[in-house]
Amino acid sequence: MLQSVTFRSALVVAACALWLSAHAMADDAKHAIDIPSGELGAALDLLAKQARVDIIYRPEQAQGLETRGVKGDLSTSEAAAKLLEGTSLVLSTDASGAIMVAAPLRRGGATANPTSTTQKAKGSFWGRFHLAEAGEAISTGPAALEYSDGERKKEVVEEVIVTGTRTSGMAVMDSPAPVQILSAEALRAASGNGDLMSTLAQIVPSLTMQAFGYDMAEQTLLAKLRGLSPNHVLVLVDGKRRHTTANLAVDGGSPYQGGAGVDLNFLPVDAIDHIEVLTDGAAAQYGTDAIAGVINIILKKSSSGGSVNASAGQYGNSQGRTYDASLNSGFEPGNGAYLNVTGEIRRHAHSNVSGPDQRLVNPDNLATYPNSNMVNAPGYPNLNQGLGDGQTLNRQALVNSGVTFGNGTQVYFSGTFAHKNAEAYQNYRLPSKAHYIDPVSGQTVYPYPFGFSPLEATSEDDFQTNLGIKGTTGTWNWDVTTGYGGDKVSLSTLHTYNTGYSSLYNVPSPTDIYDGRLQANQWTTTADFNRDIDLGWAGPLNVAFGAEYRHETYGIHAGAPISYLAGGASGYPGFTPSDAGSHSRNNEAVYLDLAAHPIEPLRLDAAVRTEHYSDFGHATVGKLTGRYDFTPAFALRGTVSNGFRAPTLAEEYYTSTVVNTTTAFVQLAPDSPGGRLLGLGNGLQAEHSVNFSLGMVWRPTPRMSATLDLYQITVTNRIVGSGQIIGSAGGTIYSPIVNDAIIASGNPIDPSVVASGTTGINIFANGIDTRTRGADLVFTFPVDYSFGKVTWSASATYNNTTVTKYATTPNSLAGGNPPIDELYDPTAYSDLTTATPKYTVNLGALFTVERFSANLLEKIYGPSSDYESDDGDNGQGGPFPACTARGGLFICPGGLDYYRNEIPVTAITNLDLSYQFSEHLRFSIGALNLFNKLPPHLNATILAHESSFYYGDSNSVIQYPIFSPYGINGGFYYVRIGATF
């Protein structure tokens, strides 16, 4: 239904665009004009009536002016020009055919006859709209001479893009590919809590952000485009590839599982000039992993001035307090040189939106010592803080510099360094969890008499340096760059205890334990060449080619022995020697890109790229893009391309143990001893993709624009995290081979979980094919009212992913009794298909009057859902029925039962109010999620299950779906002050 609505909407918009375009061309037609001499305003009104066009002017500018009149068969423009002879007013005609009459601009942008913004424009709604543009557009008449070079340069820079094309000087609305530009002002207005990732999620409808992650996934939140994996998005900084995080998201039940993309929050917002988001497959242009699109972050390069910004905010429940301060400054170290420096510090406190932990009020627990002590713990019974934000402290710096020599050659350098300390709460452990027998007294000692909540803590260093030189030799432009970046995450569990070790040796366990280290590095060197060749066409043929060499390494370093021995520390067992290892690969690539403009309305772009991975062999991909401008106001564009993505090194080699109070799952590397035992010993294979898109560009005026792009992305042999493959539950062994795989891989399991809880594995594997169909709409226009100027905007995305091929379960796992060991379960499939909102709509209004501005954004999230299992403890004699088959895809696999969690259509309101106290000082107050909306609770049946005393676990604290696109904390309210110099 929605697809047909989208198609009908596209036809309506296209028809309107064609009508306006025809209206614009009608200006060349001759009209019988007969206007006598007299008052200019009356003459302009009469001309509008005779020519049947809009003529927009301010009455006060025409007041007192006389015209000699005009008569004859003339075009509207010719007649208007004659009416204006002898006056200081100038006219221009936009693509819709409207005539704009205004006083010429002086240097600095002031009009020769300044007017108040409170006075009404002559004409209709369209007249007010056109007039709002008149002060911003560059006139094609004599007034254009009054612009300074700096003003003209600024106008061009704001509209020219460098992403999606290798042709220089390409305006965003002339682009054959869909690109959205986000200015520094737009980023600042949307960055209520200071971090770049959530800022992008507010502005770009097709980009969604992870709200919450279990364990290490909470330390590095991720983002994705068009509902695909975070690994399908390529991030560039000034056109150069950015390194990825070392922290792989392995938490099951999350649509971000398997993500190891770029941590955008290590880039300070104040260092950014603008961002270009290419929502189109670009594997042939930039790299084979750019399947969903490209985010290109363009840094500031100013050599003077700067800004200081500070903000403070918190959630509506007074948690998650956030403080952010940044400084940006430009310097000119020498003639032709620039040095732009940015520093930022950001602190974000814990939040807690956990539900009640039924273990803490279970009469059986409270009747026994030492668990009876819980009632005396501060904050009882709200002791479990397992659901909420982690605490972070980010300190980061960015340097961007360059120098241009007399021959035009430029040497440039950029570098970033960031350090982050983070802590996230794990589930609360009962007082009885930590104990040992004193060898002297023979009595049992409980080191945590009131229980304890482990903290998973990280110390992370992230850096990137790029050094390059570019210039022109003959007719060829060239650019050679080398960049080295990396991410190192050291893990520790604080306020914890290794119960198995302590009980085995009757000694106390350390409480702060080092768990090991993750490290990822990337060294990339590129050489790019391009030139224009004049073939006598409407525009030159741009020929671009180049090469890239990339060396990647990924390593896991074992933790202290106490972190993994005898089941490991509570909260997060450390990396074992069998987990540890160092892995690397090389990638070489060459590309050719041809951009042609054979006739005036037609643009074509063809690209081909060949890559060779040292571990995956060759891959060749291509892209063909075309655009045809039927009129100056309307164009169609389309793309066909294919892509290729090799697994990340983290997906191939990451191994760890993830524990809860009553569950323990081992994330097995596909090519590990355990993976080979399960019949998955061939490791991961590469993904392949095909992209199709068809879009339209509608530009009725120079400042009004609308784009609509329909797309389809198919990904074959997709790499997906498995569901929960159960080895044992409730002390009963269901799959001996799963338990054997855990033992073969050398991963420890807490003995208490083995005795009565649920154990199993998760693993990354190939085998699923998906098809994603959707549409992206972007529409902006300013209107001048009597009370001020309003820039209206509407953008939206529609996204629907279906599974076209289901994976085959290996024979070693299939056919069990009961059949609980399906490779992919309903949770895994729903994470791919329904956990991302079906659509997102952004409705915005930026209102400006004198020194005050209000930025209102209404975000409407479409429905989303997923399936959640009961961890295998359903049907074990408790009050809930045993699992029964449901038929179709989502069969009930034996001892597991699945429940559907749903988030309905939800509107979220963001508001930012700002006042410019002086030329250099601005104050803002605002809210993200103004009305403090929370997602609905999880499915009532599974919540009741988790809240049952019988099962004795802590899962009831997870009361909100972690796939919520607008988070789980409710509203965030902030104040911000900024100064420029």
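**Exercise 1. Work out how strands S44 and S45 are connected, and follow the pairing onward to S46.**

Step 1. Start with the connection: S44 and S45 form a hairpin, with four residues between them. Strands here are DSSP E runs of at least two residues, helices are H or I runs of at least four, and both are numbered from the N terminus.

Step 2. Now look at the direction. S44 (residues 906-916) and S45 (residues 921-928) run antiparallel and are joined by seven bridges; two strands pair if DSSP finds at least two bridges between them. Tyr915 has Phe923 of S45 as its bridge partner.

Step 3. Move on to S46 (residues 972-980). S45 pairs with S46 over eight bridges, again in the antiparallel sense, and Ala927 has Tyr973 in S46 as its bridge partner.

A word on the model before going on: it is predicted, so local features need pLDDT of at least 70 and side-chain atom pairs count only at pLDDT 80 or more, while totals for chains, interfaces and linings use all residues. Residues are numbered from 1 along each chain as its sequence is written, and side-chain values use heavy atoms, with hydrogens and water left out.

**Exercise 2. Decide whether helix H8 is enclosed or open, and find what it supplies to the largest nonpolar core.**

Step 1. Check burial. Eight of the eight residues of H8 (residues 196-203) are buried, so the helix is largely enclosed by the rest of the structure. Buried means under 20% relative accessible area, exposed over 50%, and partly exposed in between (1.4 Å probe, protein chains only).

Step 2. Inspect the helix start: a side-chain oxygen of Asp195 comes to within 3.4 Å of the backbone nitrogen of Met197.

Step 3. Turn to the core, a set of buried Ala, Val, Leu, Ile, Met, Phe, Trp, Tyr and Cys residues joined through side-chain atoms within 4.5 Å. The largest one has 35 residues, and Leu196, Ile275 and Ile297 have the most contacts inside it. H8 gives the largest share of this core, five residues.

Step 4. List the neighbours of Leu196. Leaving aside residues up to four places away in sequence, Leu196 touches Leu264, Asn265, Leu267, Val269, Ile272, Ile275 and Ile297 (contact means heavy atoms within 4.5 Å).

Step 5. Look for another core: a second, separate one of 25 residues includes Ile761, Ala765, Leu823 and Tyr829.

**Exercise 3. Classify the aromatic pairs Trp476 with Phe545 and Tyr501 with Tyr505.**

Step 1. Set the criteria. Rings of Phe, Tyr and Trp (its six-membered ring) pair if their centres lie within 6.5 Å; planes under 30 degrees apart count as stacked, over 60 as edge-to-face and the rest as tilted. The whole structure holds 23 aromatic pairs.

Step 2. Trp476 and Phe545 are 5.6 Å apart, centre to centre, with 75 degrees between the planes, an edge-to-face pair. Trp476 lies in strand S25 (residues 476-494) and Phe545 in strand S27 (residues 539-558), so the pair ties together parts that are 69 residues apart in sequence. Trp476 is partly exposed at 29% relative accessibility, and Phe545 is partly exposed at 36%.

Step 3. For Tyr501 and Tyr505, the ring centres are 4.9 Å apart and the planes stand at 50 degrees, so this pair is tilted. Both residues belong to helix H11 (residues 499-505), four residues apart, and are therefore separated by about one helical turn.

Definitions and conventions. A polar contact is a pair of N or O atoms within 3.5 Å; within protein, one must be able to donate a hydrogen and the other to accept it, and residues adjacent in sequence count only if both atoms are side-chain atoms.
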